[in-house]
Amino acid sequence: MLRADLPDRPVEGALEIAGVAAVGAVVQSLLARVLLEPDEALAGLTGVGAPSLVVLLGPADALPWVDGVVYLRRCAEAPGLLLPTCTRASVPPRVLLEAVLGRHPGLRVPIVVLPRHEMLASLDGACPLDRARLEQLRESTGA
Amino acid sequence: MSLEGSASTLRTVIADACAGLVQRDVAVQLVALAAVAREHVLLVGPPGTAKSEAVRRVARGLGGNYFEYLLGRFTEPSEIFGPVDLEKLRQGVVETRTSDMLPEADVAFLDEVFLGSTAILNTLLGVLNERTFRRGHTAMRCPLRVCVGASNQLPDDPALAAFADRFLLHLFLEPIPDPELETLLEAGWSLSDTNAAHPEALASLDDLIDAARGVDLQGVRPHLAEGIRILRGAGIRLSDRRVVKLQRLVAAATVLDGRTKAATDDLWPIVFAIPRPGDQDRARDLLRDTLQASRNVSLGAAAENASLGPRARAERLRIAAEELLALDPGDDATARSRWRLKLEGVIREIDAAFPLDSPPAELKDIRPRIVQRLAEVPLEHAAC
């Protein structure tokens, strides 16, 4: 139901990128890529990570690219909700956010919803990237 | 020269003029559009927003005579149009010596244009409307291709507002936003003022002006009329003069895209013919469907700015990608890294702006080429 209500369409108007997400096998690639950045660039990004999902937040130009990542936008109408940039909710974003929080009362905003991967996660614990922790996470994904 | 050849020459002039400017490519492109349409541009924005630099760069690229002046309340007509010829005056003839002055310019820039006196503005009207300079016994045809006026704000005085209406294109500029400040600092430090004149540029411009007169607009007139109706329905009124002259802008956009038959791709200039900034913003929203197909290979940034449309964005990204893919990053590590980051920036925007499983036609082939090229040129580990 989530996928049917959140179709993907080309972005019209200003493209505002707030973050990037990697799911599954792409996590390794994203971690490998971001670890090539100097420490001061890492410090400009925040993120949350798990072996199956990594989300990085920061200015668009500072977000790395690897094949398969999903770029995220913050919904202007509901800043606690991040969606893929091409995803357009057929309901008002704040309604969507309330519905998600209603189903998952333990989640804290901001929240990222990835409809194609049927995943959502809280970004409440996002913290500045730390090289050592990124290396640990990379090892835990089996890279 | 063929239409495509002339359009290609102008494309080079535009691209060279844009190089090094931050977020002023729309201004440069609108000056080029106005020149082909034989219309004029009004740039409105605070001081120091590169209004004059954008025009200078277009003028340099075109070659020819360029005239620039900062008007004030006490500016004399002779400072703009030339002094009276004293020799002739002794003979009882009032003639103006126009050498190196506006009447002989191919491109003109008048800063603080609304501060000009009535005498200046009245004479200027003839130059803008009819390309004719008349003063005393002097009457001459002016070679003026485009005049760009600049001002900090639109005038409140109705008489000056009428003069402002002679500038068909209006562009409202803001200072560079905070996220782009580093880019501005770097670009400003290394900005070169020597973009060279293209030897064929003025001739190409004249070819395009002639070609624009012959563009087939029949197919788009209903769409244009519908767009005007939509705007009127929302209370955005354009004078009949503007409505008719819009066709010149559409025709100019058509030839700058290398065609002689207008299509819905070319309707986007309508947004810039709206005189007020708030109305331009509303128009972008109101005309979202009408301008959905907007794109232009020479004026991509302007088409995208006007239409908010994915097609224009796709075209711009395709051009940017092709340019980068054509470059050899070389052996220098810093140059390779910079080139790679630019290419990553392009594919980042592609992946963010378009669904991966349904890319637009313009990007279908280019995305895999970018992915492959990035794999061939790995990023070096940055020093910690």
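How many residues of strand 3 (residues 107-111) of chain B are buried? Keep that in mind while you get the view ready. What you have open is a predicted model, so treat the tour as a walk through a prediction.

**Stop 1: strand 3 of chain B**

Select residues 107-111 of chain B. This is strand 3, and 4 of its 5 residues are buried, so you can call the strand mostly covered. The cut-off behind that word is a relative accessible area under 20%.

Now add residues 66-70 of chain B, which make up strand 2. Strands 2 and 3 of chain B run parallel and are paired over 5 bridges. To see one of these pairs, click B:Tyr66 and then B:Val107, its bridge partner in strand 3.

Next, add residues 146-151 of chain B, which is strand 6. Strand 6 is also parallel to strand 3 of chain B, and 4 bridges join the two. For an example, pick B:Leu110 and look across to B:Gly149 in strand 6, its bridge partner. While you have strands on screen, here's a handy rule: in a regular strand, side chains alternate between the two faces of the sheet.

**Stop 2: a hairpin in chain B**

Select residues 132-135 and 138-141 of chain B, which are strand 4 and strand 5. This pair is antiparallel and has 4 bridges. One of the bridge pairs is B:Arg135 with B:Thr138. Together, strands 4 and 5 of chain B form a hairpin with 2 residues between them. Click B:Gly136 in the turn: its phi is positive, at about 60°.

**Stop 3: B:Gln292**

Jump to B:Gln292, which sits in the loop between helix 12 (277-286) and helix 13 (300-307) of chain B. Is B:Gln292 buried, exposed or partly exposed? Its relative accessibility is 34%, so it counts as partly exposed.

What does B:Gln292 touch, once you leave aside its neighbours within four places in sequence? Show A:Glu12, B:Pro310 and B:Arg311, and you have its contacts. Notice that A:Glu12 belongs to chain A, so to speak a signpost to the next stop. Before leaving, try the distance tool on the C-alpha atoms of B:Gln292 and B:Ala34: they are 22 Å apart, with their positions 258 residues apart along the chain.

**Stop 4: chain A as a whole**

Hide chain B and show all of chain A. You should find 5 helices and 8 strands. Following chain A from the N terminus, the order is α-β-α-α-β-β-β-β-α-β-β-β-α. The radius of gyration is 15 Å, close to the 15 Å that the globule rule gives for 143 residues, so chain A is as compact as a globular protein of that length. Its C-alpha atoms fill a box of roughly 40 × 35 × 25 Å along the principal axes.

Of the 143 residues in chain A, 45% count as buried. Take the contacts between residues at least 6 apart in sequence: 65% of them join residues at least 24 apart.

**Stop 5: the sheet of chain A**

Colour the strands of chain A. The 8 strands form an open sheet with mixed pairing, in the order 7-6-5-4-1-3-2-8. Strand 7 (119-122) and strand 8 (127-128) stand at the edges with a single partner strand each, so one side of each has no neighbour in the sheet.

To finish, select residues 19-23 and 70-74 of chain A, which are strand 1 and strand 4. They pair in the antiparallel sense over 3 bridges. Click A:Val20, then find A:Tyr71, its bridge partner in strand 4.

Note on methods:
Residues numbered from 1 in each chain as written. Chains lettered and ligands numbered in written order. Predicted model: local features only at pLDDT ≥ 70, side-chain atom pairs only at ≥ 80, totals over all residues. Heavy atoms only, no water. Rg over C-alpha atoms; globule rule 2.2 N^0.38 Å. Buried < 20%, exposed > 50% of the residue type's maximum accessible area, 1.4 Å probe, protein only. Contact = heavy atoms within 4.5 Å. Pairing = 2+ DSSP bridges.
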